[in-house]
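I opened this entry to record what I looked up, one topic at a time. The charged pairs come first, and the core and the rings follow.

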Amino acid sequence: MPRKPVETYELDREVFQRLKQGKDTFDDWQGAASGIADYVASWGVERFWAMSRSPILRGGETSKEKDENEGRRYFAWGVAREVLCKIVGNDLRICQNMTTEEFQNRFRDLEFNQQVLLTDLLMEISETIQFWTMRLKDARESTIEP
């Protein structure tokens with residue numbers, strides 16, 4: 001049975017729920033959140049994957065030696081990776097904890113149409129992240145007293 005198309009509300013819900021978890025570090029990551037689509041368009045999905053995992057070491061732990069703010073800077077990129085895997089992970093056998101090398105090998109094994117689908121979906125996720133980042137920023141600014 002073919003998988004149903006991704007519903008807009010499903011994508012919005014997944015992105016928003018994950019972004020809310022980073023509201024305490026919003027200032028650290030909100031600026032980098034808007035660059036995901038441009039990065040994917042310029043450098044591709046494989047390099048995006050590497051950047052989205054940049055603060056994560058082999059085994060899944062976060063580097064203690066890296067500047068804490070630098071690790072948080074890519075929070076939204078990790079959200080994009082997580083949502084992408086939640087939506088197509090089972091169908092395309094992609095797991096959010098894959099190393100860059102594992103992802104590259106799997107991505108290269110996909111059919112061309114699957115690679116395009118993955119890229120298009122990542123672009124849509126990045127636009128959704130940008131939308132919700134701006135809504136979070138608006139909500140935050142509306143609660144700050146002059």
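**Entry 1. Glu14 and its partners.** I began with Arg18 and Glu14, both of which are buried. The model is predicted, and I read every value below as computed from it. Arg18 and Glu14 form a salt bridge in which the closest N and O atoms are 2.5 Å apart. Both residues belong to helix H1, where 4 residues, about one turn of the helix, separate them.

I then looked for a further partner of Glu14. Lys86 also forms a salt bridge with Glu14, with the closest N and O atoms 3.8 Å apart. Lys86 lies in helix H6 and Glu14 in helix H1, so this pair ties together parts that are 72 residues apart in sequence. I compared the accessibility of the two ends. Glu14 has a relative accessible area of 11% and is buried, because buried means under 20%. Lys86, at 49%, is partly exposed.

**Entry 2. Asp138 and Arg135.** How many salt bridges does the structure hold? I noted 5. One of them joins Asp138 to Arg135, the closest N and O atoms being 3.1 Å apart. These two residues are 3 residues apart in helix H8, about one helical turn. Asp138 is partly exposed at a relative accessible area of 37%, and Arg135 is partly exposed at 33%. Going back to the shared partners, I recorded that salt bridges join Glu14, Arg18, Glu82 and Lys86 into one network.

I also checked Arg135 against the rings. Its charged end sits over the ring of Phe131, 4.8 Å from the ring centre. I found a second such case in Arg81, whose charged end sits over the ring of Trp49 at 5.9 Å from the centre.

**Entry 3. The nonpolar core.** Which residues have the most contacts inside the largest nonpolar core? I listed Ile94, Leu118, Ile125 and Ile129, within a core of 35 residues. Helices H1 (8-20), H2 (26-33), H3 (36-43), H4 (45-52), H6 (75-92), H7 (100-109) and H8 (112-142) each supply at least two residues of this core. Helix H6 gives the most to the core, with 10 residues. As background, I noted that nonpolar side chains tend to be buried together in soluble globular proteins.

I followed Ile94 outward. Leaving aside residues up to four places away in sequence, Ile94 touches Trp49, Cys85, Gly89, Phe103, Arg106, Leu110 and Leu118. Trp49 is thus a contact of Ile94 and also carries the ring beneath the charged end of Arg81.

**Entry 4. Ile36.** I located Ile36 in helix H3. Is Ile36 buried or exposed? Its relative accessible area is 0%, so I entered Ile36 as buried. With residues up to four places away in sequence not counted, Ile36 touches Phe48, Ala76, Trp77, Ala80, Ser126 and Ile129. I also recorded the C-alpha to C-alpha distance from Ile36 to Leu122, which is 8.8 Å in space across 86 residues in sequence.

**Entry 5. Aromatic rings.** I found 10 aromatic pairs in the structure. In the pair of Phe16 and Trp132, the ring centres are 4.6 Å apart and the planes stand at 45°, so I entered the pair as tilted. Phe16 lies in helix H1 and Trp132 in helix H8, so the pair ties together parts that are 116 residues apart in sequence. Phe16 is partly exposed, with a relative accessible area of 23%.

Phe26 and Trp29 form an edge-to-face pair, 5.1 Å centre to centre with 75° between the planes. They are 3 residues apart in helix H2, about one helical turn, and both are buried. I further noted one aromatic cluster formed by Tyr39, Trp43, Phe48, Tyr74 and Trp77. Two of its members, Phe48 and Trp77, are among the contacts of Ile36.

**Entry 6. The loop between H1 and H2.** I looked up Lys23, which lies in this loop. Lys23 counts as exposed at 57% relative accessibility. Lys23 and Thr133 are 9.7 Å apart in space, C-alpha to C-alpha, and 110 residues apart in sequence.

**Entry 7. Confidence.** Where in the chain is confidence lowest, and where is it highest? I found the lowest in helix H5 (residues 68-73), at a mean of 60, and the highest in H7, at 92. The mean pLDDT of the chain is 82, and 79% of its residues reach 70 or more.

Notes:
Residues numbered from 1 in each chain as written. Predicted model: local features only at pLDDT ≥ 70, side-chain atom pairs only at ≥ 80, totals over all residues. Heavy atoms only, no water. Core = buried A, V, L, I, M, F, W, Y, C linked by side-chain atoms within 4.5 Å. Buried < 20%, exposed > 50% of the residue type's maximum accessible area, 1.4 Å probe, protein only. Contact = heavy atoms within 4.5 Å. Phe/Tyr/Trp six-rings, centres within 6.5 Å; stacked < 30°, edge-to-face > 60°. Lys NZ or Arg CZ within 6 Å of the ring centre and 35° of its normal. pLDDT = per-residue confidence, 0-100. Salt bridge = Lys/Arg side-chain N within 4 Å of Asp/Glu carboxyl O.
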